[in-house]
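Me: I would like to go through this structure step by step, with the reasoning given before each answer. Could you start from the record and the sheet and then turn to the empty spaces?

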Amino acid sequence: MSVRWGLIGASTIARQFMINAIRAQADGEITAVMSSSQERAASYAQENNIPLAVSTLDALLGADIDAVYISTTNELHLEQALAAIKAGKHVLCEKPLALTSADARKMVAAAKAAGVVLGTNHHLRNAGAHRAMHEAIAAGRIGKPVAARVFHSVYLPESLQGWRISKPEAGGGVVLDITVHDADTLRFVLGDDPVEISAFTQSAGMANSGLEDGAMCIWRFKSGVIAQSHEGFTTKFAGTGFEVHGSEGSLFASNVMTQKPVGSVLLRTAQGEQELSFDREDLYTRSLRQFHAAIRGEGQPSATGEDGVWSLTSAEAALQSAKLGKAVAIDPKLGSAA
């Protein structure tokens, strides 16, 4: 039985990654696309060989679909997801799930009550590099993890700048765009939850309207691990990377905070250095495979709605910390006011 998808948002990310990932599934097809502009929906549908183009949510949810992929601007996610859940559709939503963790928790509760699958599109935990790191740590290959560092400051291409650097009301800024990913990737790789964060944000010249285009965060995890992360939109020549240091070894991953299945992971111990091998499967294809399996009742999405609540709560706490000038507790049950 096939899973028929409706795309909410005629987006670049859907065109570049998700459409192919859905079609790469033996049981995946795309039935419809919705954009607030009928003209945009129609041209997008034609370019991407999608049968139906609509300009309202009702029209999309009334079409012959089983699941929706939401990639609209952040402030629209909540209403669109709740409507889809109410219509009995499975939902894969871009991060952040909503503008506040309280709203994200509403989405999780609604999906649970309706018996539909809710996933957060945290693509990075599907990367072979991050899974190799997770497995090495879980197998004790670096001993007890002590500290981690994430380098995820990039240059936001002009085509993506728009609302991300100019619209606070749409959930713009680097924290809701990249820090959420780093929160999720740290949680996944370490197999540990953050409990506290201290953040500095900056506006280095790209963002306006009071938004931030750079952030540096210090994290404390339940196990005692401390981590630092650097997120940015303005560093044209920076590489990305992820290090985890333990009592018996260190992992050095480079060029891994990306949408493509690239990069390398080096394990350094008393025995010397070893490059870890990992699969190079497309991150979104793997994400969709897990999501389809979850629809069939086999396991859960690679990143669940609860994972989305964790990452958004962490990002909220980072923004609050930057504003207050002090460390803030992270508690997904209470939001960042814990």
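The questions and answers below concern a predicted model.

Me: Which residues does UniProt list for the domain "GFO/IDH/MocA-like oxidoreductase"?

Reply: The name comes from an unreviewed UniProt entry, and it is attached to a span rather than found from the atoms. In the predicted model that span is 29% helix and 34% strand, and its end C-alpha atoms lie 11 Å apart. The span that UniProt lists is residues 130–251.

Me: Which strands are the edge strands of the open sheet?

Reply: The sheet is made of 9 strands with mixed pairing, in the order S14-S13-S12-S11-S7-S10-S9-S8-S15. An edge strand pairs on one side only, and this holds for the strands at residues 272–276 and 328–329. The edge strands are therefore S14 and S15.

Me: Which residue in S10 stands opposite Phe151?

Reply: Strand S7, residues 145–153, runs parallel to strand S10, residues 226–232, and 7 bridges join the two. Within S10, the residue that stands opposite Phe151 is His230.

Me: At about what angle does helix H10 run to S8?

Reply: Helix H10 covers residues 305–324 and lies across three strands, namely S8 (194–202), S9 (214–221) and S15. Taken against S8, the angle at which H10 runs is about 50°.

Me: Which helix gives the largest share of the lining of the largest pocket?

Reply: The largest pocket has a volume of about 1200 Å³, and of the 42 residues that line it, the closest to its centre are Thr12, Ile13, Leu160, Arg164 and Asp177. Two or more lining residues come from each of the helices H1 (12–23), H4 (77–86), H7 (158–166) and H8 (174–190). By class the lining has 15 nonpolar, 21 polar and 6 charged residues. The largest share, 6 residues, comes from H7.

Me: How many residues in the lining of the largest cavity are charged?

Reply: A search of the whole structure finds 1 cavity of 30 Å³ or more, and about 50 Å³ of space lies in the largest cavity. Its lining includes Ala127, Val256, Pro261, Phe278 and Leu283, and also Lys260, Asp279 and Arg280. Asp, Lys and Arg count as charged, so Lys260, Asp279 and Arg280 belong to that class. Beside 7 nonpolar and 2 polar residues, the number of charged residues in this lining is 3.

Notes:
Residues are numbered from 1 along each chain as its sequence is written. This is a predicted model: local features need pLDDT of at least 70, side-chain atom pairs count only at pLDDT 80 or more; totals for chains, interfaces and linings use all residues. Side-chain values use heavy atoms; hydrogens and water are left out. On a 1 Å grid over the protein atoms alone, a cavity is a set of points where a 1.4 Å probe fits but cannot get out, and a pocket is an open set with protein on both sides within 12 Å along at least five of seven lines; lining residues have an atom within 4 Å of a point. Grid points are joined across faces, edges and corners, and a volume is the space filled by probe spheres set on the points. UniProt positions are given in the numbering used here, feature names are shortened, and annotations may be inferred rather than shown by experiment. Helices (H or I, at least four residues) and strands (E, at least two) are DSSP runs, numbered from the N terminus. Contact means heavy atoms within 4.5 Å. Axes are lines fitted to C-alpha atoms, for helices over the stretch in contact, and angles run from 0 to 180 degrees between N-to-C directions.
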